[in-house]
Amino acid sequence: MRASHTLALAAALLLAGLAPRAHAGVSAEEAATLKTTLTPLGGERAGNKEGTIPAWTGGNTTPTPGFVNGGRRPDPFAADKPLYSITAKNVDQYADKLSDGTKAMFRKFPDTYRIDVYPTRRTAAAPQHVYDETFKNATRGKLGANATGNPLPENVIGGIPFPIPKSGAEVIWNHNLRVRPEAWQFIEKGILTTSDGKHVTTVEGVGDQQMPYFFKEATPEKFDANYWFIRLVNTGPPIRAGEGITGFETMDPEKKAAWVYLPGQRRVRKLPNSCCDTPTPASAGVMNFDDIEVWTGGKLDLFDWKLAGKKEMIVPYNDNKFLQPTRDSDVLMPNHLNPDHVRWELHRVWVVDATLAAGKRHTSPKSRYYIDEDSWSGLLADRWDAKGQLWKTLWSLPVSMPDVPAVIGVTFGFYDLLSGAWYASQIVNEKSEHYRIMPRYPASAFTPDAMAGEGIR
């Protein structure tokens, strides 16, 4: 009996050592810096010593005169001129402030790829209640883990979960739970461009999204962990008209789910895997689930996350400029987006490296993410394949939306650096509206039954 008791005790101690441990929030003293040296969302208030990054003074919270919710979004900085342009001839001068993927684009397309760098405008902002909840999250929030060891936030709601991050996983969760409205709608088009420069529409439709995480009355105790819902119904191309997909992201990725409606079968089917490197039907399988908006959901336990620190980088930002042309052909070139319509700025970003964890599988064993310090939006990412080759560079074009207020990505996509093909999602240039803020949808709007009822037969 004594030997049995000893073995049981040893096993208990071993299990205790292996059990996931929550990382507690920061101290009250450190959280207080969100009201002094840090912005309410956790960025540095001060500019850089060179003066090329200005101080944050509250962000852009004044809607452009004449803008109507649901219409085409204007460019509040249309009068800005580029400070300088980066081309294949002078790229080495700026190499330390460019991602590997961006530099690879100069090598691959030296005659056409260009970056126009504009004055840095720190437009990121949020409603006051988001600032209030972010401040509370700083001390009450914890990074725990589910039964499989997947890092997940605990005791957070309504704001950035870890405004003073201590790990790469916390930064990625800040991106997942970045500021967005309670509910919104978008009308979009996804376009694949083949290696020979042919543009092929893969999807066109109406999307509805909702974030209960940002409901004003939500509390950590009553929140059910389902933080983001989406429903997309296709209107084109003709071969895909009537298809639909609905699903949700949750704090615990083991419980996330998505369903598709296929007109040919006249039924709704649950996807067996709506995560990670599985191709998403929303892009006709061109983009993986965790490629969406640089990174969406995904199982963090697939990787070891390393916070490489903060760095000044030239990144896409305040890209209201990209929304102004009224023809898709104006913004799409054979090998990449038209540089004439993409605005880049110098900003401080968090750099997070993800390396495949032991015993796990993914098409990209190594990735690097660049997350904006002010908005926590993922702006760029690079992915390497199993051979160690730089494979894909992902990008998102954040837009200043003072009516929310927030900086929110609209168009996003990736360049395949090996094949030369590339993909752009949420191309809205020919649409009459760009990003409509909506009243809350009923919870039933994002269910399989609702999609089945609206499906085209």
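Let's start with Asp-116, which forms a salt bridge with Arg-114; the closest N and O atoms are 2.9 Å apart. Keep in mind that we are looking at a predicted model. Which of these two partners is buried, and which is partly exposed? Asp-116 has a relative accessibility of 6%, so it counts as buried. Arg-114 comes out at 25%, so that residue is partly exposed.

That pair has plenty of company: searching the whole structure turns up 36 salt bridges. Here is another one, between the side chains of Asp-80 and Arg-121, at 2.8 Å from N to O. Asp-80 sits in the loop between α2 and β1, and Arg-121 in the loop between β2 and α4, so this pair ties together parts that are 41 residues apart in sequence. Asp-80 is buried, with a relative accessible area of 15%, while Arg-121 is partly exposed at 31%.

A third example is Glu-133 with Arg-140, whose side chains meet in a salt bridge of 2.6 Å, N to O. Glu-133 is buried too, with a relative accessible area of 15%. And some salt bridges share partners: Glu-44, Arg-122, Lys-310, Arg-348, Glu-373 and Asp-374 are joined that way into one network.

Now for the cysteines, since I know somebody will ask. How many disulfides does a search of the whole structure find? The search gives 1, and it links Cys-275 to Cys-276, with the sulfurs 2.2 Å apart. The torsion about that S-S bond is about 55°, so the disulfide is right-handed. Both cysteines are buried.

Next, have a look at helix α3, residues 100-108. Its buried residues are Gly-101, Thr-102, Ala-104, Met-105 and Phe-106. What do they pack against? Their partners are strands: β1, β2, β12, β14, β15 and β16. If you are following along on the screen, β12 covers 344-356 and β16 covers 406-416.

That brings me to my last stop, Ala-357, in the loop between β12 and β13. Is Ala-357 buried or exposed? With a relative accessible area of 12%, Ala-357 is buried, the cut-off for that being under 20%. Setting aside neighbours within four places in sequence, Ala-357 is in contact with Asp-301, Leu-302, Phe-303 and Asp-304. As for Leu-300, that residue is 57 residues away from Ala-357 in sequence, and the two C-alpha atoms are 9.7 Å apart in space.

That's my tour, folks. Happy to take questions!

Terms used
Residues numbered from 1 in each chain as written. Predicted model: local features only at pLDDT ≥ 70, side-chain atom pairs only at ≥ 80, totals over all residues. Heavy atoms only, no water. Buried < 20%, exposed > 50% of the residue type's maximum accessible area, 1.4 Å probe, protein only. Helix = DSSP H or I, 4+ residues; strand = E, 2+ residues; numbered from the N terminus. Contact = heavy atoms within 4.5 Å. Disulfide = S-S within 2.5 Å. Salt bridge = Lys/Arg side-chain N within 4 Å of Asp/Glu carboxyl O.
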